[in-house]
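Open the structure in your viewer and keep the selection panel at hand. The tour below goes stop by stop.

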Amino acid sequence: MKKLLLMSAAALLMSTGAFAQTTTIAPTTGAGHATVQIEPQYRTRIHSYITEHKIRPVQTREKIVVGATVPSEVELEVVPADWGPSLTRYRYVYSGERVMLVDPGTRTVVQEID
């Protein structure tokens with residue numbers, strides 16, 4: 001019985017590792033925005049891009065957070081292709097030392113990239 005339990009736990013851990021390496025966009029309930037999971041190597045590319053291109057953060061009255069609508073006066077930037085193929089459908093805003101992915105159709109923030 002112990003052996004079966006240990007094998008099940010090991011299989012579960014291995015399967016969660018596989019999920020962590022994929023970029024997925026899954027609908028959520030409630031707020032109506034998507035959850036975007038980004039592979040670690042793409043997170044590194046994103047942070048490198050912001051640093052290398054000396055992207056200046058936008059200033060807004062309200063803090064830009066996941067689920068909020070980005071004000072119309074804030075320009076949404078095109079997501080570079082090397083950030084990952086599934087992210088190019090989004091735009092981004094760099095605000096408060098954070099990169100925020102935005103759905104361009106609704107201007108809703110769908111993910112904060114930490």
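In what order do the four strands of the open sheet lie? The order is 3-4-5-6, and the pairing is antiparallel. This is a predicted model.

**Whole chain**

Start with a cartoon view. The chain holds two helices and six strands. Followed along the sequence, the pattern reads α-β-β-α-β-β-β-β. Of the 114 residues, 28% are buried. Now show the surface. Its accessible area is about 7700 Å², and 57% of that belongs to carbon and sulfur atoms. Turn to contacts between residues at least 6 apart in sequence: 52% of them join residues at least 24 apart.

**The sheet**

Select residues 77-78, strand 3, and then strand 6. These are the edge strands of the sheet, each pairing on one side only.

Next, select residues 98-103. This is strand 5, and five of its six residues are buried, so the strand is largely enclosed by the rest of the structure.

Add strand 4, residues 91-95. Strand 4 and strand 5 pair in the antiparallel sense over five bridges. Pick tyrosine 92 and look across to strand 5: its bridge partner is leucine 101. Then go to the turn. Two residues separate the strands of this hairpin, and glycine 96 takes a positive phi near 60 degrees.

Now add strand 6, residues 108-113. Strand 5 and strand 6 run antiparallel, joined by five bridges. Two pairs are good to label. Valine 102 stands opposite valine 109 in strand 6. Aspartate 103 has threonine 108 as its bridge partner in strand 6. This hairpin has four residues between its strands. In the turn, select arginine 107, which has a positive phi of about 60 degrees.

**Helix 2 and the cores**

Show helix 2, residues 40-52. Helix 2 lies across strand 4, strand 5 and strand 6, and runs at about 95 degrees to strand 6.

In soluble globular proteins, nonpolar side chains tend to be buried together. Which members of the largest nonpolar core touch the most other members? Select Trp83, Leu87, Val99 and Leu101, out of 15 residues in this core. Helix 2, strand 4, strand 5 and strand 6 are the elements that give two or more residues to this core. Helix 2 gives the most, with three residues.

Center on leucine 87. Leaving out residues up to four places away in sequence, leucine 87 touches Val36, Ile38, Ile46, Val79 and Leu101.

Apart from this core lies another, of eight residues. Val70, Val93, Met100 and Val102 are among them.

**The salt bridge**

How many salt bridges are there? The count comes to one. Select glutamate 112 and arginine 98: they form a salt bridge, with the closest N and O atoms 3.5 Å apart. Glutamate 112 lies in strand 6 and arginine 98 in strand 5, so the pair ties together parts that are 14 residues apart in sequence.

Buried or partly exposed: which describes arginine 98? At 14% relative accessibility, arginine 98 counts as buried, because the cut-off for buried is under 20%. Glutamate 112 is partly exposed, with a relative accessible area of 28%.

**Last view**

Finish with strand 5 alone in color. Strand 4 pairs with strand 5 over five bridges, and five bridges also join strand 5 to strand 6. Leave Val99 and Leu101 shown as sticks; both belong to the largest nonpolar core.

Terms used. Residues numbered from 1 in each chain as written. Predicted model: local features only at pLDDT ≥ 70, side-chain atom pairs only at ≥ 80, totals over all residues. Heavy atoms only, no water. Buried < 20%, exposed > 50% of the residue type's maximum accessible area, 1.4 Å probe, protein only. Pairing = 2+ DSSP bridges. Core = buried A, V, L, I, M, F, W, Y, C linked by side-chain atoms within 4.5 Å. Contact = heavy atoms within 4.5 Å. Salt bridge = Lys/Arg side-chain N within 4 Å of Asp/Glu carboxyl O. Axes fitted to C-alpha atoms, helices over the stretch in contact; angles between N-to-C directions. Areas by Shrake-Rupley, 256 points an atom, 1.4 Å probe, with all protein chains shown as cover.
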